[in-house]
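The report below takes up the contact between two chains and then the sheet and helices of one of them.

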Amino acid sequence: MTIASDELLDCTGLLCPIPVVKTSKAIKTIDIGQVLEMVATDPGAPPDMEAWARQTGHELIEQTAGDGEYRFWFRRTK
Amino acid sequence: MTSLGEKPFTLEEPDPDAGDKPKRMALVASKGGLDEVYPILIMATTAAALEWEVGIFCTFYGLDMVNTKRMHSLKVSPLGNAAAPPPLKGKEFGVPNFISMLPGMTTVATKMMQGWMKDSNIPDFDEMMELCLEGGVEFYACATTMGVMNVKQEDIMPQASCLGAAAFLDFAADADLALFI
């Protein structure tokens, strides 16, 4: 799965709440419409990042899981 | 007598600003152990990342979170904690309570927890507070606790404001979520 991203955020080895906090900061550094790719290893990340997208309104375009790695692509909407 | 046919029945008028209003979380922090403030800090930083408004009322021992004389040296007590994890990772034996009561064991337990946090890449207390403040989390120092515990206004970190239960409840009344920790 490859989706073009404008920014890559590495949250491997980080536990809640840091991936959510870092994603929240990183999305503000890209322009509206651009895509942030985030990679995490915390098994809590998939439900957490879905919730983050739901609550903030940023779009979770795609997510993948494999080899203990979770990858997310978010589009900044506002 | 009113005719139901004239106007559709609604429970309340739709709020035109509802879409723009952020969610709000009101937290009461009543404990001051290092292990006891982490849940508060994690909830607060996460809620801030979800773009919620967060206010933390620091009362009783929770006041230590915003007391500059104590906030940088919060401790973990191993005494009487049946859930205290074994001191060595992967080993099954716990520490008997009579050892936990020996002088210095609180320091040992505190250092141990700080070590675990560091190994797990969890920010320390000061860094978590920094993340809270960056995220716009508001800290409220309980005025009554300040009086009872003889904490002066100048001992409270400058970002926190001093208020009583009525002012906090006024904030909490409009919260979507309130937690007492």
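## Interface and fold

In this predicted model, the contact between the two chains draws on eleven residues from chain A and ten residues from chain B. On the side of chain B that touches chain A, helix α1 (residues 34-49) of chain B supplies the largest share, namely four residues. By character, the residues of that side of chain B comprise five nonpolar, four polar and one charged.

Turning to chain A, its four strands form an open sheet with mixed pairing, in the order β1-β2-β4-β3. The edges of this sheet are taken by β1 (7-11) and β3 (59-66) of chain A, each of which pairs on one side only. On average, and with direction ignored, neighbouring strands of the sheet are turned by 15° against each other.

Within the sheet, β3(A) pairs with strand β4 (residues 69-75) of chain A in the antiparallel sense, over seven bridges. One of the bridge partners can be named: A:T64 is matched with A:R71, which lies in β4(A).

Two helices of chain A are described relative to these strands, as the table sets out.

| Helix of chain A | Strands of chain A involved | Angle between directions |
|---|---|---|
| α1 (residues 18-27) | touches β1, β2 (35-40) and β4 | about 165° with β1(A) |
| α2 (residues 45-56) | lies across β2, β3 and β4 | about 175° to β3(A) |

Helix α1 of chain A thus packs on the sheet, with its angle given against β1(A), while for helix α2 of chain A the angle is given against β3(A).

Notes
Residues are numbered from 1 along each chain as its sequence is written. Chains are lettered from A and ligands numbered from 1 in the order in which they are written. This is a predicted model: local features need pLDDT of at least 70, side-chain atom pairs count only at pLDDT 80 or more; totals for chains, interfaces and linings use all residues. Two residues are in contact if their C-beta atoms, placed from the backbone, lie within 7 Å. Helices (H or I, at least four residues) and strands (E, at least two) are DSSP runs, numbered from the N terminus. Ala, Val, Leu, Ile, Met, Phe, Trp, Tyr, Cys and Pro count as nonpolar, Asp, Glu, Lys and Arg as charged, and the others, Gly among them, as polar. Two strands pair if DSSP finds at least two bridges between them. Axes are lines fitted to C-alpha atoms, for helices over the stretch in contact, and angles run from 0 to 180 degrees between N-to-C directions.
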